[in-house]
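User: I'm new to this structure and would like a close look at a single part of it. Could you take me through one helix pairing and then show me how it sits in the rest of the chain?

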Amino acid sequence: MSDAEPRRRPQQERSKSRVEAILDIALGLIIEVGAEEFAMREVARRVGVPISSVYQYFPSKTAIIRELAKRNFEHAQVAFEKELATLLVETNGRPTVERAVDRLVEAHYDFQRENPAAHAIWAAAQADPVLRALDVTDTKRSAELITPLIMIVLAPMDPSEAFALALLFAEVTSGTVRLALAVASPLRDQMIGQLKVMMIAMMETVQRKHGRQ
(Lines give C-alpha, C1' and ligand atoms only; values in the text may rest on other atoms or scores of the structure.)
Protein backbone atom coordinates (compact mmCIF):
# COMPACT_ATOMS: atom_id res chain seq x y z
CA MET A 1 0.00 0.00 0.00
CA SER A 2 1.28 3.50 -0.86
CA ASP A 3 2.11 5.95 1.94
CA ALA A 4 -0.32 8.31 0.20
CA GLU A 5 -3.23 5.97 1.06
CA PRO A 6 -4.96 5.65 4.45
CA ARG A 7 -3.60 2.62 6.31
CA ARG A 8 -7.01 1.23 7.27
CA ARG A 9 -10.61 2.33 7.47
CA PRO A 10 -12.20 2.53 10.93
CA GLN A 11 -15.16 0.24 11.59
CA GLN A 12 -16.21 1.04 15.14
CA GLU A 13 -17.82 4.37 16.07
CA ARG A 14 -15.01 5.21 18.50
CA SER A 15 -12.42 4.69 15.78
CA LYS A 16 -14.46 6.71 13.29
CA SER A 17 -14.66 9.58 15.77
CA ARG A 18 -10.90 9.46 16.29
CA VAL A 19 -10.24 9.58 12.55
CA GLU A 20 -12.59 12.55 12.19
CA ALA A 21 -10.76 14.32 15.02
CA ILE A 22 -7.41 13.63 13.36
CA LEU A 23 -8.63 15.05 10.05
CA ASP A 24 -10.24 18.10 11.67
CA ILE A 25 -7.08 18.93 13.62
CA ALA A 26 -4.87 18.31 10.57
CA LEU A 27 -7.00 20.63 8.45
CA GLY A 28 -6.78 23.32 11.11
CA LEU A 29 -3.01 22.96 11.21
CA ILE A 30 -2.74 23.15 7.43
CA ILE A 31 -4.73 26.39 7.48
CA GLU A 32 -2.70 27.68 10.43
CA VAL A 33 0.88 26.87 9.44
CA GLY A 34 0.75 25.46 5.91
CA ALA A 35 1.22 21.99 4.50
CA GLU A 36 5.01 21.98 4.75
CA GLU A 37 5.04 22.93 8.43
CA PHE A 38 2.25 20.84 9.88
CA ALA A 39 3.54 17.72 11.67
CA MET A 40 1.99 14.38 12.50
CA ARG A 41 3.29 14.68 16.08
CA GLU A 42 1.49 17.98 16.54
CA VAL A 43 -1.70 16.44 15.19
CA ALA A 44 -1.42 13.68 17.79
CA ARG A 45 -0.74 16.20 20.57
CA ARG A 46 -3.78 18.31 19.75
CA VAL A 47 -6.04 15.31 19.36
CA GLY A 48 -4.72 13.98 22.66
CA VAL A 49 -3.58 10.57 21.44
CA PRO A 50 -0.21 8.84 21.04
CA ILE A 51 1.53 9.40 17.71
CA SER A 52 1.10 5.67 17.04
CA SER A 53 -2.67 6.19 17.02
CA VAL A 54 -2.34 8.66 14.13
CA TYR A 55 -0.01 6.34 12.20
CA GLN A 56 -2.48 3.53 12.79
CA TYR A 57 -4.79 5.20 10.28
CA PHE A 58 -2.51 7.48 8.26
CA PRO A 59 1.06 6.42 7.41
CA SER A 60 2.10 9.93 6.36
CA LYS A 61 1.11 13.57 6.00
CA THR A 62 0.46 12.83 2.36
CA ALA A 63 -2.18 10.28 3.30
CA ILE A 64 -3.95 12.85 5.49
CA ILE A 65 -3.89 15.50 2.77
CA ARG A 66 -5.13 12.97 0.23
CA GLU A 67 -8.10 12.08 2.43
CA LEU A 68 -8.91 15.76 3.03
CA ALA A 69 -8.69 16.45 -0.71
CA LYS A 70 -10.96 13.51 -1.48
CA ARG A 71 -13.58 14.73 0.98
CA ASN A 72 -13.33 18.27 -0.34
CA PHE A 73 -13.99 17.10 -3.88
CA GLU A 74 -16.96 14.98 -2.79
CA HIS A 75 -18.39 18.03 -1.02
CA ALA A 76 -17.87 20.16 -4.13
CA GLN A 77 -19.41 17.49 -6.35
CA VAL A 78 -22.62 17.48 -4.32
CA ALA A 79 -22.81 21.28 -4.49
CA PHE A 80 -22.20 21.42 -8.26
CA GLU A 81 -24.68 18.65 -9.01
CA LYS A 82 -27.33 20.54 -7.07
CA GLU A 83 -26.61 23.76 -8.97
CA LEU A 84 -26.72 22.04 -12.36
CA ALA A 85 -29.98 20.27 -11.53
CA THR A 86 -31.54 23.56 -10.43
CA LEU A 87 -30.37 25.27 -13.62
CA LEU A 88 -31.98 22.62 -15.82
CA VAL A 89 -35.27 22.90 -13.92
CA GLU A 90 -35.27 26.69 -14.15
CA THR A 91 -34.63 26.64 -17.90
CA ASN A 92 -36.81 23.64 -18.80
CA GLY A 93 -33.69 21.72 -19.76
CA ARG A 94 -32.50 24.26 -22.35
CA PRO A 95 -30.22 26.86 -20.73
CA THR A 96 -28.59 29.51 -22.91
CA VAL A 97 -24.82 29.84 -23.09
CA GLU A 98 -24.98 32.95 -20.92
CA ARG A 99 -27.17 31.31 -18.28
CA ALA A 100 -25.05 28.16 -18.16
CA VAL A 101 -21.76 30.04 -17.85
CA ASP A 102 -23.14 32.36 -15.19
CA ARG A 103 -24.37 29.44 -13.06
CA LEU A 104 -21.18 27.40 -13.45
CA VAL A 105 -18.89 30.29 -12.57
CA GLU A 106 -21.04 31.33 -9.62
CA ALA A 107 -21.13 27.73 -8.36
CA HIS A 108 -17.31 27.57 -8.34
CA TYR A 109 -17.08 31.02 -6.76
CA ASP A 110 -19.65 30.34 -4.05
CA PHE A 111 -18.10 27.00 -3.10
CA GLN A 112 -14.57 28.34 -2.74
CA ARG A 113 -15.72 31.52 -0.98
CA GLU A 114 -17.88 29.61 1.51
CA ASN A 115 -15.25 26.90 2.06
CA PRO A 116 -11.91 28.65 2.68
CA ALA A 117 -10.43 25.33 3.74
CA ALA A 118 -10.80 24.16 0.13
CA HIS A 119 -7.99 26.50 -0.95
CA ALA A 120 -5.74 25.33 1.87
CA ILE A 121 -6.26 21.71 0.86
CA TRP A 122 -5.57 22.52 -2.79
CA ALA A 123 -2.36 24.34 -1.87
CA ALA A 124 -1.31 21.41 0.33
CA ALA A 125 -1.85 18.97 -2.52
CA GLN A 126 0.13 21.18 -4.90
CA ALA A 127 3.04 21.25 -2.45
CA ASP A 128 3.32 17.46 -2.52
CA PRO A 129 4.62 15.90 -5.77
CA VAL A 130 2.75 12.68 -5.04
CA LEU A 131 -0.55 14.53 -4.82
CA ARG A 132 -0.26 16.85 -7.81
CA ALA A 133 -1.76 14.14 -9.99
CA LEU A 134 -4.76 14.15 -7.66
CA ASP A 135 -5.56 17.72 -8.72
CA VAL A 136 -5.59 16.60 -12.37
CA THR A 137 -7.91 13.73 -11.48
CA ASP A 138 -10.29 16.05 -9.65
CA THR A 139 -10.30 18.50 -12.57
CA LYS A 140 -11.25 15.65 -14.89
CA ARG A 141 -14.05 14.63 -12.55
CA SER A 142 -15.32 18.21 -12.49
CA ALA A 143 -15.25 18.20 -16.28
CA GLU A 144 -17.30 15.01 -16.31
CA LEU A 145 -19.99 16.84 -14.33
CA ILE A 146 -19.99 19.76 -16.75
CA THR A 147 -19.86 17.75 -19.98
CA PRO A 148 -23.58 16.78 -20.14
CA LEU A 149 -24.57 20.44 -19.69
CA ILE A 150 -22.23 21.56 -22.47
CA MET A 151 -23.66 18.89 -24.75
CA ILE A 152 -27.14 20.30 -24.08
CA VAL A 153 -26.16 23.94 -24.53
CA LEU A 154 -24.13 23.32 -27.70
CA ALA A 155 -26.15 20.41 -29.10
CA PRO A 156 -25.47 18.52 -31.20
CA MET A 157 -21.92 17.99 -29.97
CA ASP A 158 -19.48 15.10 -29.92
CA PRO A 159 -18.95 13.84 -26.32
CA SER A 160 -15.16 13.89 -26.61
CA GLU A 161 -15.21 17.49 -27.86
CA ALA A 162 -17.61 18.46 -25.09
CA PHE A 163 -15.33 16.87 -22.48
CA ALA A 164 -12.29 18.75 -23.81
CA LEU A 165 -14.23 22.01 -23.56
CA ALA A 166 -15.48 21.10 -20.07
CA LEU A 167 -11.92 20.29 -18.95
CA LEU A 168 -10.71 23.68 -20.11
CA PHE A 169 -13.69 25.37 -18.47
CA ALA A 170 -13.09 23.60 -15.14
CA GLU A 171 -9.37 24.37 -15.04
CA VAL A 172 -9.61 28.03 -16.07
CA THR A 173 -12.60 28.74 -13.83
CA SER A 174 -11.15 27.07 -10.75
CA GLY A 175 -7.79 28.80 -11.11
CA THR A 176 -9.30 32.22 -11.78
CA VAL A 177 -11.68 31.95 -8.84
CA ARG A 178 -8.80 31.06 -6.50
CA LEU A 179 -6.88 34.11 -7.71
CA ALA A 180 -9.94 36.36 -7.43
CA LEU A 181 -10.49 35.31 -3.83
CA ALA A 182 -6.90 36.33 -3.06
CA VAL A 183 -7.57 39.96 -4.00
CA ALA A 184 -10.04 42.54 -2.72
CA SER A 185 -13.06 44.04 -4.43
CA PRO A 186 -13.62 45.76 -6.80
CA LEU A 187 -10.80 43.86 -8.55
CA ARG A 188 -12.28 40.53 -7.40
CA ASP A 189 -15.68 41.33 -8.89
CA GLN A 190 -14.08 42.57 -12.09
CA MET A 191 -12.14 39.32 -12.46
CA ILE A 192 -15.25 37.18 -11.99
CA GLY A 193 -17.12 39.34 -14.50
CA GLN A 194 -14.34 39.08 -17.06
CA LEU A 195 -14.09 35.33 -16.50
CA LYS A 196 -17.77 35.00 -17.45
CA VAL A 197 -17.26 37.14 -20.56
CA MET A 198 -14.29 35.02 -21.60
CA MET A 199 -16.09 31.70 -21.06
CA ILE A 200 -19.20 32.90 -22.91
CA ALA A 201 -17.06 34.03 -25.83
CA MET A 202 -15.28 30.67 -25.93
CA MET A 203 -18.53 28.71 -26.02
CA GLU A 204 -20.13 31.04 -28.57
CA THR A 205 -17.06 30.57 -30.79
CA VAL A 206 -17.66 26.82 -30.66
CA GLN A 207 -21.29 27.41 -31.58
CA ARG A 208 -20.31 29.45 -34.63
CA LYS A 209 -17.64 26.96 -35.66
CA HIS A 210 -20.23 24.21 -35.87
CA GLY A 211 -23.01 26.39 -37.21
CA ARG A 212 -25.08 26.19 -34.03
CA GLN A 213 -27.17 29.25 -33.17
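Analyst: Here is a walk through the pairing of H7 with H8, followed by the surroundings.

First, a bit of orientation. This is a predicted model. The chain has nine helices and zero strands, so if you read along the sequence you get the pattern α-α-α-α-α-α-α-α-α. Taken along the principal axes, the C-alpha atoms fill a box of roughly 65 × 40 × 30 Å. Of the 213 residues in the chain, 44% are buried. And if you take contacts between residues at least 6 apart in sequence, 68% of them join residues at least 24 apart.

Now the close look. H7 covers residues 129-153 and H8 covers residues 159-180; their axes come within 7 Å and cross at roughly 125°. With that angle, the two helices are oblique to each other. As for the handedness, H7 passes H8 in a right-handed crossing. On the H7 side, the contact is made by Thr139, Lys140, Ser142, Ala143, Glu144, Ile146, Thr147, Ile150 and Met151. On the H8 side, you'll find Pro159, Ala162, Phe163, Leu165, Ala166, Leu167, Phe169, Ala170 and Glu171. Sort the residues of this contact by class and you get twelve nonpolar, three polar and three charged.

What links the two helices along the chain? Look for proline 156, which is found in the loop between H7 and H8. A cis peptide bond joins this proline to alanine 155, with omega at about -5°. There is another cis bond further on: serine 185 and proline 186 are joined that way, with omega at about 10°. Proline 186 has its place in the loop between H8 and H9.

Next, follow the pairing inward. In soluble globular proteins, nonpolar side chains tend to be buried together. In this model, the largest nonpolar core has 30 residues, and the ones that touch the most other members are Val101, Ile150, Leu154, Leu165, Phe169 and Met203. Three of those names should look familiar: Ile150 of H7, and Leu165 and Phe169 of H8, also take part in the contact of H7 with H8. Helix H4 (61-90), helix H5 (97-114), H7, H8 and helix H9 (187-209) each supply at least two residues of the core. H9 gives the most, with eight residues.

Phenylalanine 169 is a handy residue to zoom in on. Leaving out residues up to four places away in sequence, phenylalanine 169 touches Val101, Leu104, Val105, Ile146, Met199, Met202 and Met203. Another core, of 28 residues, lies apart from the largest one, and includes Phe38, Ala63, Ala69 and Ala125.

H4 and H5 are worth a look as well. Their axes are 10 Å apart and they pack at an angle of about 150°, which makes H4 roughly antiparallel to H5. H4 passes H5 in a right-handed crossing. In H4, the residues that meet H5 include His75, Phe80, Leu84 and Leu87, while their partners in H5 include Arg99, Leu104, His108 and Phe111. Leu104 is also one of the residues that phenylalanine 169 touches. By class, the contact of H4 with H5 has nine nonpolar, four polar and four charged residues.

In the loop between H4 and H5 sits asparagine 92. Asparagine 92 has a positive phi of about 55° although it is not a glycine. With a relative accessible area of 73%, asparagine 92 is exposed.

H4 has a further partner in H1. H1 and H4 pack at an angle of about 95°, with their axes 10 Å apart; that makes H1 roughly perpendicular to H4. The contact brings together Glu20, Ile22, Leu23, Ala26, Leu27 and Ile30 of H1 and Ile64, Ile65, Glu67, Leu68 and Arg71 of H4. Eight of the residues in this contact are nonpolar, none are polar and three are charged.

One last stop is serine 15, which lies in helix H1 (residues 13-33). Serine 15 counts as buried because its relative accessibility is 14%. To get a feel for the span of the model, take serine 15 and lysine 209: they are 194 residues apart along the chain, and their C-alpha atoms are separated by 56 Å.

Methods:
Residues are numbered from 1 along each chain as its sequence is written. This is a predicted model: local features need pLDDT of at least 70, side-chain atom pairs count only at pLDDT 80 or more; totals for chains, interfaces and linings use all residues. Side-chain values use heavy atoms; hydrogens and water are left out. Axes are lines fitted to C-alpha atoms, for helices over the stretch in contact, and angles run from 0 to 180 degrees between N-to-C directions. Helices (H or I, at least four residues) and strands (E, at least two) are DSSP runs, numbered from the N terminus. Angles under 35 degrees count as roughly parallel, over 145 as roughly antiparallel, 65 to 115 as roughly perpendicular and the rest as oblique. A crossing is left-handed if the near helix is turned anticlockwise from the far one by less than a right angle, and right-handed if clockwise. Contact means heavy atoms within 4.5 Å. Ala, Val, Leu, Ile, Met, Phe, Trp, Tyr, Cys and Pro count as nonpolar, Asp, Glu, Lys and Arg as charged, and the others, Gly among them, as polar. A nonpolar core is a set of buried Ala, Val, Leu, Ile, Met, Phe, Trp, Tyr and Cys residues joined through side-chain atoms within 4.5 Å. Buried means under 20% relative accessible area, exposed over 50%, partly exposed in between (1.4 Å probe, protein chains only).
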